[in-house]
Amino acid sequence: MARDPLYPLHNPGVPRALSIAGHELVAFSISGVSTYVLAPAIDACFDMGHCPVEGARLRNVLLTHCHQDHSLGVVRHRALRQMWGDSRSKVFIPEESRAALVAVLRAVDAMEGRGREDTLDKDVVGVRAGDTFELSKRTRVEAFDVIHKAPSRGYSVIERRRALKESFVGRPGAELGAARDRGEELYDYNDRRTITFIGDSTIETLERVDPAVFDCDVAFLEATHLGDTDRAVSQKYGHTHLDELAALFRRTPARFGRAQFVLKHWSTRYARDEIAAALRALPEAFRARITALL
Ligand SMILES: [Zn+2]
Ligand SMILES: [Zn+2]
């Protein structure tokens, strides 16, 4: 039966503020329209289908792949930051797509005729599977391969946190200063995997990826299709069907680590109620760990 063309879209078109496992994030995602997730605490955005002002305030953009609904916002990101006099932006993109993105950004500069200083060779960084790069002294990112219709990387963030050594806890400041002057180490350093971000992907990605990436606080996964949509359609377009995620969880729950999951990238073909109903049918142990971007 033909659907009412004005059926309610699953997402009202506004980003959502998320507070998950101590992480404050802002996320927006509709398949084919736009996906971005802002992580101010690490000065980074994951994907940038379009660029809200808040996104342009963040220095680092980590693109999973070059499809427009994930990447077009980098043009605005760069322009806004240059308008504010801050040219220290970094865009990370799969190495295979790097040259094309640089060409697009150069074409925009030529089109606008502004004669900006061309720093693209250092501002746009190609990422290979297995690469690790730093966003700051305390934040590093591991990249891994993702299976989709365009070259794609997933990103897993590891933060180094320091805590005063137990032997110094409660000691006066002067004593700590003296110990530091003697060259003693005052802190213990602990690595914690915080955010793992996977853009568009097939279920095969999750079957292959090192499960360590889900030993994190919060992980973003795609779920584009659900219900009657044939799983073969999802696979043909490089996407995941919610039933495939549920089946993988039933088969190998250990693969899902300790993460809380955010499911994103729902197709515009589904109304909000349809997605909510499909989520209610998930295994309870999985559903309890899921936030859906609706
Ligand atoms: Zn997409
Ligand atoms: Zn895509």
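# Exercises on a predicted model

In this structure A27 of β2 has V37 as its bridge partner in β3. The model is a predicted one, and the exercises below start from that pair.

**Exercise 1.** Find how β2 and β3 are joined and in which sense they run.

Solution.
- Step 1. Locate the strands: β3 covers residues 34–39, and 5 bridges join β2 to β3.
- Step 2. Read the direction: β2 and β3 run antiparallel.
- Step 3. Look at the connection. A hairpin is formed by β2 and β3, with 3 residues between them. In the turn, G32 has a positive phi of about 75°.

**Exercise 2.** Describe the pairing of β1 with β2.

Solution.
- Step 1. Strand β2 takes in residues 23–30, and its pairing with β1 is antiparallel, over 5 bridges.
- Step 2. One such pair can be picked out: L18 has its bridge partner, L25, in β2.
- Step 3. β1 and β2 also make a hairpin, with 2 residues between the strands. Its turn contains A21, whose phi is positive at about 50°.

**Exercise 3.** Place these strands in their sheet and name the edge strands.

Solution.
- Step 1. The sheet is open, has 7 strands and follows the order β1-β2-β3-β4-β5-β6-β7.
- Step 2. The edges are β1 (16–20) and β7 (124–127), each of which pairs on one side only.
- Step 3. On average, neighbouring strands of the sheet are turned by 25° against each other, with direction ignored.
- Step 4. The pairing in the sheet is mixed. A parallel example is β4 (residues 44–48) with β5 (residues 60–62), joined by 3 bridges. In this part of the sheet, F46 has L62 of β5 as its bridge partner.

**Exercise 4.** Decide whether V14 is buried or exposed.

Solution.
- Step 1. Find the residue: V14 lies in the segment before β1.
- Step 2. Count its C-beta neighbours inside 10 Å: there are 6.
- Step 3. Compare with the cut-off: a residue is exposed if the number is 12 or fewer. V14 therefore counts as exposed.
- Step 4. Check a distance as well. V14 and S29 are 15 residues apart along the chain, and their C-alpha atoms are separated by 9.2 Å.

**Exercise 5.** Work out how the buried residues of α3 are arranged around the helix.

Solution.
- Step 1. Helix α3 spans residues 74–83, and its buried residues are V74, H77 and R78.
- Step 2. Seen down the axis of α3, these buried residues fall within an arc of 90°, so they line one face of the helix.
- Step 3. Recall the general rule: an α-helix has 3.6 residues a turn, so residues three or four places apart point the same way.
- Step 4. Name what covers the buried residues of α3: the cover includes β4, α1 (53–56), β5, α2 (68–71), β6 (90–94) and α4 (95–112).
- Step 5. Continue past the helix: just after α3, G85 has a positive phi of about 80°.

**Exercise 6.** Return to V37 and find its place in the largest nonpolar core.

Solution.
- Step 1. This core has 60 residues, and V37 and F46 are those with the most contacts inside it.
- Step 2. Set aside the neighbours of V37 within four places in sequence. Its contacts are then L25, A27, C45, F46, D47, F197 and F220.
- Step 3. Widen the view to the protein, where 36% of the 294 residues count as buried.

Key:
Residues numbered from 1 in each chain as written. Chains lettered and ligands numbered in written order. Predicted model: local features only at pLDDT ≥ 70, side-chain atom pairs only at ≥ 80, totals over all residues. Pairing = 2+ DSSP bridges. Helix = DSSP H or I, 4+ residues; strand = E, 2+ residues; numbered from the N terminus. Axes fitted to C-alpha atoms, helices over the stretch in contact; angles between N-to-C directions. Buried ≥ 20, exposed ≤ 12 C-beta atoms within 10 Å, placed from the backbone. Arc of directions from axis to C-beta. Contact = placed C-beta atoms within 7 Å. Core = buried A, V, L, I, M, F, W, Y, C linked by C-beta atoms within 7 Å.
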